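Student: Please take a close look at one part of this model, the pocket, and place it in the fold around it. I would like the strands that supply it described as well.

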Amino acid sequence: MVRIEKVVFPRADGKVTFDGSRLISDGKRQGSVHTHPTAQFHNQILPNGTVNVTGIVGDWNRILPQAYHEDIFVKP
């Protein structure tokens, strides 16, 4: 498990969902979050703004969140 803090989803536009691989960035570095289509939150819209992501490091250094309500924290 890893926790990535203070990142944004650059493609968050109020329409794009978690389903598939999504880019995260802290403004200097980038990584990706991958959500499998069987995850309960795969169709949840990407949050707009700064978030913290906790998940399992998977293949190709992707972060695999397990639950939206536990693994994606929107910063106030």
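Tutor: What follows starts with the chain as a whole, turns to the pocket, and then takes the strands around it one by one.

The model is a predicted one. Its protein chain contains one helix and six strands, and these follow one another in the pattern β-β-β-β-β-α-β. Of the 76 residues in the chain, 34% are buried. Among the contacts with a separation of 6 or more, 52% are between residues 24 or more positions apart.

Now the pocket. The largest pocket has a volume of about 170 Å³. Eleven residues line it, and those nearest its centre are Ile4, Ile24, Arg29, Gln30 and Gly31. Sorted by class, the lining consists of four nonpolar, five polar and two charged residues. Strand 1, strand 2 and strand 3 each give at least two residues to this lining. The largest share, three residues, belongs to strand 3.

Two of these suppliers are partners. Strand 2 covers residues 20-25 and strand 3 covers residues 30-35; they pair in the antiparallel sense over six bridges. One link in this pairing bears directly on the pocket: Ile24 has Gly31 in strand 3 as its bridge partner, and both residues are among those nearest the pocket centre. The hairpin formed by strand 2 and strand 3 has four residues between the strands, and within this hairpin Gly27 adopts a positive phi near 95°.

Strand 3 also contains Thr35. Is this residue buried or exposed? Thr35 has a relative accessible area of 1%, below the 20% limit, and is therefore buried. Its surroundings can be listed. Leaving aside residues up to four places away in sequence, Thr35 touches Phe18, Asp19, Gly20, Phe41, His42 and Pro65. With Phe18 there is also a specific atom pair, as the Thr35 side chain comes to 3.4 Å from the backbone oxygen of Phe18.

Strand 1, the remaining supplier named above, spans residues 2-7 and includes Lys6. Lys6 has a phi near 55°, which is positive although the residue is not glycine. The relative accessibility of Lys6 is 55%; the cut-off for exposed is over 50%, so Lys6 counts as exposed. Within the same chain, then, Thr35 is buried and Lys6 is exposed.

Strand 1 has a pairing of its own. It runs antiparallel to strand 4, and four bridges join the two. One of the bridge partners is known by name: Val2 is matched with Gly55 in strand 4. Strand 4 covers residues 51-57, and because five of its seven residues are buried, this strand is largely enclosed by the rest of the structure.

From strand 4 the pairing continues to strand 5. Strand 5 consists of residues 63-64 and pairs with strand 4 in the antiparallel sense over two bridges. Here Val57 has Ile63 in strand 5 as its bridge partner.

To put the parts together: the pocket lining draws on strand 1, strand 2 and strand 3. Strand 2 and strand 3 are paired with each other, while strand 1 is joined to strand 4, which in turn pairs with strand 5.

Terms used. Residues are numbered from 1 along each chain as its sequence is written. This is a predicted model: local features need pLDDT of at least 70, side-chain atom pairs count only at pLDDT 80 or more; totals for chains, interfaces and linings use all residues. Side-chain values use heavy atoms; hydrogens and water are left out. Buried means under 20% relative accessible area, exposed over 50%, partly exposed in between (1.4 Å probe, protein chains only). Two strands pair if DSSP finds at least two bridges between them. A polar contact is a pair of N or O atoms within 3.5 Å; within protein, one must be able to donate a hydrogen and the other to accept it, and residues adjacent in sequence count only if both atoms are side-chain atoms. Contact means heavy atoms within 4.5 Å. On a 1 Å grid over the protein atoms alone, a cavity is a set of points where a 1.4 Å probe fits but cannot get out, and a pocket is an open set with protein on both sides within 12 Å along at least five of seven lines; lining residues have an atom within 4 Å of a point. Grid points are joined across faces, edges and corners, and a volume is the space filled by probe spheres set on the points. Ala, Val, Leu, Ile, Met, Phe, Trp, Tyr, Cys and Pro count as nonpolar, Asp, Glu, Lys and Arg as charged, and the others, Gly among them, as polar.
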